[in-house]
Amino acid sequence: MLRSGADWPVARPDGTSALDIRALLQTDDGVLIYMTALGRYVVPDHIQTLSLVDRANTDPAEYYIRISPLFETDDTRYAWLNGIQAIGLGRFRETGLIVDMFELL
């Protein structure tokens with residue numbers, strides 16, 4: 001669950017946005033995890049103007065949303081997160097943008 005956060009997208013002339021994301025996450029058991037991520041957001045104008053429902057029905061191959069998150073926590077139960085590199089794949093859903101995250105092995 002996202003407790004608080006901010007992101008700073010920088011739109012570029014070529015249609016790419018560079019992402020700089022900072023977020024404080026809270027696990028279901030109350031542990032706080034700080035996440036930072038850099039990434040890219042490339043969504044054509046014709047998709048950005050769609051409603052959330054129509055975006056959710058758009059093939060993810062038509063846009064590109066990727067982040068490279070890093071995690072920090074002092075809780076021993078989640079300390080393993082401090083040592084991993086992950087990748088996040090963004091996709092649109094009816095509730096908005098979601099990002100599935102995966103550990104790189």
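Is Ile67 buried or exposed? Select Ile67 and have a look: this residue is buried, with a relative accessible area of 6%. Keep in mind throughout that you are looking at a predicted model.

**Zoom out**

Before going further with Ile67, show the whole chain as a cartoon. You should find two helices and seven strands. Starting at the N terminus, the order of elements is β-β-β-β-α-α-β-β-β. The C-alpha trace spans about 45 × 25 × 25 Å along its principal axes. Now switch on a surface: the accessible area comes to about 6800 Å², with 56% of that belonging to carbon and sulfur atoms. Of the 105 residues, 31% count as buried. If you like contact maps, take those contacts with a separation of 6 or more: 38% of them link residues 24 or more positions apart.

**Back to Ile67**

Select Ile67 again and follow the backbone; you are in strand β5. Next, show what surrounds this side chain. Leaving out neighbours within four places in sequence, Ile67 is in contact with Leu19, Ile21, Ala37, Leu38, Gly39, Ala86, Ile87, Gly88 and Val99. While you are here, draw a distance to Asp100: C-alpha to C-alpha, Ile67 and Asp100 are 9.9 Å apart, though 33 residues separate them in sequence.

**The largest pocket**

Now add Asp7, Ile21, Leu97 and Val99 to your Ile67 selection. These five are the residues nearest the centre of the largest pocket, which has 20 lining residues. Strands β1 (2-7), β3 (17-26), β4 (32-42), β5 (64-72) and β7 (96-103) are the elements that each give two or more residues to that lining. Colour β3 to pick out the largest share, five residues. How many of the lining residues are nonpolar, polar and charged? Colour by residue type and you get 16 nonpolar, one polar and three charged. The space inside the pocket is about 440 Å³.

**Last stop: Thr27**

Move on to the loop between β3 and β4 and select Thr27. Loop or not, this residue is classed as buried, because its relative accessible area of 18% is under the 20% cut-off. Show side chains here and look for Asp29: a polar contact of 2.3 Å joins the side chains of Thr27 and Asp29. Then add Ile33 and Tyr78, the residues Thr27 touches once those up to four places away in sequence are set aside.

To finish, put Thr27 and Ile67 on screen together: Thr27 has a relative accessible area of 18%, and Ile67 has 6%.

Terms used: Residues are numbered from 1 along each chain as its sequence is written. This is a predicted model: local features need pLDDT of at least 70, side-chain atom pairs count only at pLDDT 80 or more; totals for chains, interfaces and linings use all residues. Side-chain values use heavy atoms; hydrogens and water are left out. On a 1 Å grid over the protein atoms alone, a cavity is a set of points where a 1.4 Å probe fits but cannot get out, and a pocket is an open set with protein on both sides within 12 Å along at least five of seven lines; lining residues have an atom within 4 Å of a point. Grid points are joined across faces, edges and corners, and a volume is the space filled by probe spheres set on the points. Helices (H or I, at least four residues) and strands (E, at least two) are DSSP runs, numbered from the N terminus. Ala, Val, Leu, Ile, Met, Phe, Trp, Tyr, Cys and Pro count as nonpolar, Asp, Glu, Lys and Arg as charged, and the others, Gly among them, as polar. Buried means under 20% relative accessible area, exposed over 50%, partly exposed in between (1.4 Å probe, protein chains only). A polar contact is a pair of N or O atoms within 3.5 Å; within protein, one must be able to donate a hydrogen and the other to accept it, and residues adjacent in sequence count only if both atoms are side-chain atoms. Contact means heavy atoms within 4.5 Å. Accessible areas come from the Shrake-Rupley method with a 1.4 Å probe; for residues, only the protein chains shown count as cover.
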